[in-house]
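User: I am new to this structure and would like a close look at a single part. Please start with the whole chain and then go in.

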Amino acid sequence: MKRVLFRRGFTDRMYYYNFVAVHVIVGAVVLLTALSGILGITDMSALAAVPPCAYAELGIHTGFIVWKAKVENCRKNKDMGRLEKLETEGDL
């Protein structure tokens with residue numbers, strides 16, 4: 001797995017690391033919530049905002065990757081009319 005990952009591009013590696021980090025953070029929140037009684041933590045309200053924020057960040061990163069792939073495909077396929085529209089308006 002490690003060899004395949006490092007043959008990928010920089011953006012793919014960053015997306016993989018972001019994906020793993022988000023799921024580790026959410027797993028840690030779930031674990032802290034489950035162990036809150038044993039650890040003596042009474043106020044868990046601050047942790048309630050972490051999973052939505054983490055997945056929102058992952059969603060923004062995913063949207064960026066999709067947009068970047070669209071622009072690269074337009075450049076590769078020489079669809080200049082569509083490329084100009086993408087670069088000026090940012091939408092297809």
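Analyst:
**A close look at helix 2**

Of the 92 residues of the chain, 17% count as buried. The model is a predicted one. Here is the wider setting before the close look.

The chain has five helices and zero strands. Along the sequence, the pattern reads α-α-α-α-α. The accessible surface comes to about 6,900 Å². Carbon and sulfur atoms hold 65% of that surface. Now take the contacts between residues at least 6 apart in sequence. Of these, 41% join residues at least 24 apart.

Now to the part itself. Helix 2 covers residues 10-34. Two of its residues, phenylalanine 10 and asparagine 18, make a useful pair to compare.

Start with phenylalanine 10. Is this residue buried or exposed? Its relative accessibility is 54%. The cut-off for exposed is over 50%, so phenylalanine 10 counts as exposed. Phe10 also belongs to a nonpolar patch on the surface. The other members are Met14, Tyr16, Tyr17, Phe19, Val20 and Val24. Together, the patch residues have about 630 Å² of accessible area.

Next comes asparagine 18, which also lies in helix 2. Its relative accessibility is 12%. Buried means under 20%, so asparagine 18 counts as buried. Which residues does asparagine 18 touch, leaving out those up to four places away in sequence? They are Glu57, Leu58 and His61. With histidine 61 there is also a polar contact, side chain to side chain, at 2.6 Å. Histidine 61 therefore appears twice for asparagine 18: as a residue it touches, and as a polar partner within the 3.5 Å limit.

Now look just past the end of helix 2. Helix 3 covers residues 36-39, and serine 36 is found there. Serine 36 has a relative accessible area of 14%. That is under the 20% limit, so serine 36 is buried. Where does the side chain of serine 36 reach? It reaches the backbone oxygen of threonine 33, at 3.0 Å. Serine 36 also touches Ile41 and Met44, with residues up to four places away in sequence not counted.

To sum up the close look: phenylalanine 10 is exposed and is part of the nonpolar surface patch. Asparagine 18 is buried and makes a polar contact with histidine 61. Serine 36, in helix 3, is buried, and its side chain reaches the backbone oxygen of threonine 33.

Definitions and conventions:
Residues are numbered from 1 along each chain as its sequence is written. This is a predicted model: local features need pLDDT of at least 70, side-chain atom pairs count only at pLDDT 80 or more; totals for chains, interfaces and linings use all residues. Side-chain values use heavy atoms; hydrogens and water are left out. Patches are made of residues with over 30% relative accessible area and no salt bridge: like charges are joined within 9 Å, nonpolar side chains (Val, Leu, Ile, Met, Phe, Trp, Tyr) within 5 Å. Accessible areas come from the Shrake-Rupley method with a 1.4 Å probe; for residues, only the protein chains shown count as cover. A salt bridge is a side-chain nitrogen of Lys or Arg within 4 Å of a carboxyl oxygen of Asp or Glu. Helices (H or I, at least four residues) and strands (E, at least two) are DSSP runs, numbered from the N terminus. Buried means under 20% relative accessible area, exposed over 50%, partly exposed in between (1.4 Å probe, protein chains only). A polar contact is a pair of N or O atoms within 3.5 Å; within protein, one must be able to donate a hydrogen and the other to accept it, and residues adjacent in sequence count only if both atoms are side-chain atoms. Contact means heavy atoms within 4.5 Å.
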